Amino acid sequence: MSAVGISALKVLAALGLMLGNGVVMIYMLRKVLGHLHIRLGPIHVGWKGTLQTVMDVLKLLTKEDVTPRAVDRWLFRLAPAVVFVPSLMAYAALPFSDTWRITNLDSGLLYTFTALSLIPIGLLMAGWASANKWSLLGGMRAAAQQIAYEVPLLLSVLPIVMLVGSANLGTIVEAQQGTFLAVLPRWFIVNPLFWPTFLIFVVASLVESNQTPFDMSEAESEIVAGFATEYSAMKFGLLFLSEFSNQFIVSALGVTLFFGGWTLPWLPASVVSALGPLIFLIKTYLGIFVMMWIRGTFPRVRIDQVMQLGWQRLIPISLVWIVFSGIVIKVWS
Amino acid sequence: MSDICEETLGVGLLCEGQHDPGTPPAGLRRAPSGVDGLTTEHLIINMGPQHPSTHGVLRMIVEVDGEEIVAAEVSVGYLHRGIEKLAEHRRYDAVGTLMDRGDYVSGMMGELAFALAAEQLMDVEVPRKAHWLRSLASELNRLASHLVWYGTFGLDTGAMGQFLYAMREREALLDILEALSGQRMMFNYIRPGGVVADMPLGVTEKIRAFLSTFDMYLDEYDQLLGGNEIFQGRVKGIGTIDRQMALAFGLTGANLRAAGVDFDIRKARPYAAYPELDFEVPLGSTGDAWDRYNVRMAEMRQSARMIAQLIDGMPEGEHTAKVPRIIRPNAGEVYASVESSRGETGIHLISDGTEHPYRMHYRGPSLYAAQALEEILPGHLIADVVMIIGSTDIMLGELDR
Amino acid sequence: MRPAIADIERTLAAISGVSVAEEALGTVARVELAFVPDALSALKAAGYESLVDFDGTDTGEFVELTYRLRSYALDLELFVKSTVAYGGTIESVWFDYPSALMPERETAELLGIHLAGHPNPKRLLTTDGVEPLLRRDVLIRTVEEVKAR
């Protein structure tokens, strides 16, 4: 098969993963939130309500696509795509196992962050083009918070890059193979040097993926639905699909950087390499579960508090931590 | 009087010098656009009547500079049903159905206010048991109402769970109220002369079973929302209504007590069985949203305490006085007020001796809380608006009547 | 509780045409319409810091206004009454009592009177063109009439 054909297949696979992830996550979200809230979630369509999401997707596809008269038509139509495409791009560098990955980029970490940082442009476009004041506020909030948190997100993971000596996500995972004392895995989360790093990463990635307690840009109790207020049918579907996909990506990044990616130290190497993608997905969905848990429990932070936390706390702390861990790594080796 | 008039958000003009410029609601004064020579325009946003968290159909016209509010006007009337006019055409025993639909989350207190007003004009001796049943129904309903407030306050902050947890307790309460009155929300239980039915068998056990877990759950809920740092960061110091402002805007109930004014109709003008009950009136100090939250949570504990006393000490006897089928009270003019879950619900009743009230004025505490919003909103962020509305616990049903 | 008649008379001594009486309603001070703002200012200075309720009643000849004042410090309640002709104008008291802002608008629209000196004298509850509903001559169907249809 030609190189172009293989690339096309890989893109299709990523698209399939993204759509499948959307369907799985909506069901998971409903069930997790349902049980957190002492109710059941969907139970009627299919076995334990599993087909409910399929029905919802069908509903979204067949719904009337309303375009309000006052919107900026081109931007309004383009915005979901501008949100969707970077989200799809971000799958390219994720290492699902030592062989399963779309590309093997040496700058994989930077590439993924770059892809994620394109999303606010789309949200701002959606907010502006909707000609709705709530949308505009939502778009502005999205832009403000995501720009503010890209910096600490990237700074927070620099110590890992310094230790590993590479920004290739695959290499970072390989550096976490093996165990300490035959019990503790050599994951970076076990290393006390990376505990502050991990905390900053969690906060910043919650903001980046627009999750409670930082779901400012679509805070339904404040600004109705934020940038998505005027969207309906599949345009709305695309916006939300990319949101779920972002959640998957930051969770996958967290797994890659701190929880050893596809590796599982207690199993023999042959089993791990066979089950790699499965282990990776299970870890990722555990991360997503924690995000949903937070979503079901926590109230929302105010926009000025988010900005303050980002600029005044997280960025200085991560800068200081980079210097400190740089010295530690230098002295250690 | 000077001629310098500023355009207000609405149609009207606000003239300076006419009155002390510090006194009018800050929300009605339009601030000039542009800061430090930058030409920026303020955005005027219609918040409501269709908005997820304006607690019904409240509409606020807010003028924002970025996200900060510089002017706000509260516009009401989207739920106006003319209850006061309708009452002029109802017989006295049927006005309770209207009162239920005023403050529809705490209907018992509205009914009680009307019944107390009508009884002042009637030659009737309300039996002791009726007083106790009225207090019991009021306190159960107050809990149910405060739980709705707690849940929606949680929703306003973006926490979904609190609402559904509160609904679990409310469900048990509505079951009890249904056993008591036959209805879950529109009770029509308290009528002039007494209550409509005696306690049914088994309801005491139901209430005891509810109370046995309620305090534990309430502590849990308080910990879940009030113990959360994020929530505290959201509510502390916002929407401050100090003592002076609370009095000037005629606030009552928990909103007034949060400002440190010790006034509860149940203590100050005792009615029903309250003189015989042992309870405390929780007070706040600064009057911000956090104080209002704490006062309401403490009120729920007091209500649970009162319910326990009420079912333990429930007297024997008749549940209603002998009241003619068609009530024709003496002509006259009276005023009766009760402490409802949102504040002082007052009924100004004028009778001309016929079977219909001549005039019934219904004072809804939410109306006064809503107009105080115009004063306190400017200077806050849009995210704070929903928190402040949530903390004042306004109910659009009694605001628009 | 009810204040003493003599105290209220002393407070309102400077205002002509005041009569204070004890009624079923409570202690009621009747003031001529023109002196209502002055009387309320004097009462506010005397400690009645909160206007708890304001409403109007169509008595068949004129509209009767009822201001309900409360002093939390003294624990006293007082009613101030005044009358206004149909279509007449009342002076807003929002300078002394901001809580009158909305009740005044409501009373004005539902009883067909005008407001003077109000910062925002729009209709409150109903839309333009709705008759003053609380007037006795505005008829609605009674329950019996609706049932008989």
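The legends below describe close-up views of a predicted model, beginning with the domains of chain B and ending with the place where chain C touches chain B.

**View 1. The two domains of chain B.** In this predicted model, chain B is divided into domain 1, which covers residues 5-75, and domain 2, which covers residues 83-400. The C-alpha centres of domain 1 of chain B and domain 2 of chain B lie 31 Å apart.

**View 2. Where domain 1 of chain B touches domain 2 of chain B.** Across this boundary, 21 residues of domain 1 of chain B are in contact with 19 residues of domain 2 of chain B. On the side that belongs to domain 1 of chain B, at least two residues come from each of the strands β4 (59-65) and β5 (68-75) of chain B, and β5(B) gives the most, with seven residues. Sorted by class, this side of domain 1 of chain B has 13 nonpolar residues, together with five polar and three charged ones.

**View 3. Where chain C touches chain B.** Here the contact is between two chains, with 32 residues of chain C in contact with 42 residues of chain B. The elements that give two or more residues to the side of chain C that touches chain B are the strand β3 (50-58) and the helix α3 (101-111) of chain C.

**View 4. A closer look at the side of chain C that touches chain B.** On this side of chain C, β3(C) gives the most, with six residues. When the residues on this side of chain C are grouped by class, 18 are nonpolar, nine are polar and five are charged.

Terms used
Residues numbered from 1 in each chain as written. Chains lettered and ligands numbered in written order. Predicted model: local features only at pLDDT ≥ 70, side-chain atom pairs only at ≥ 80, totals over all residues. Domains from an automatic or database assignment. Contact = placed C-beta atoms within 7 Å. Helix = DSSP H or I, 4+ residues; strand = E, 2+ residues; numbered from the N terminus. Nonpolar A, V, L, I, M, F, W, Y, C, P; charged D, E, K, R; others polar.
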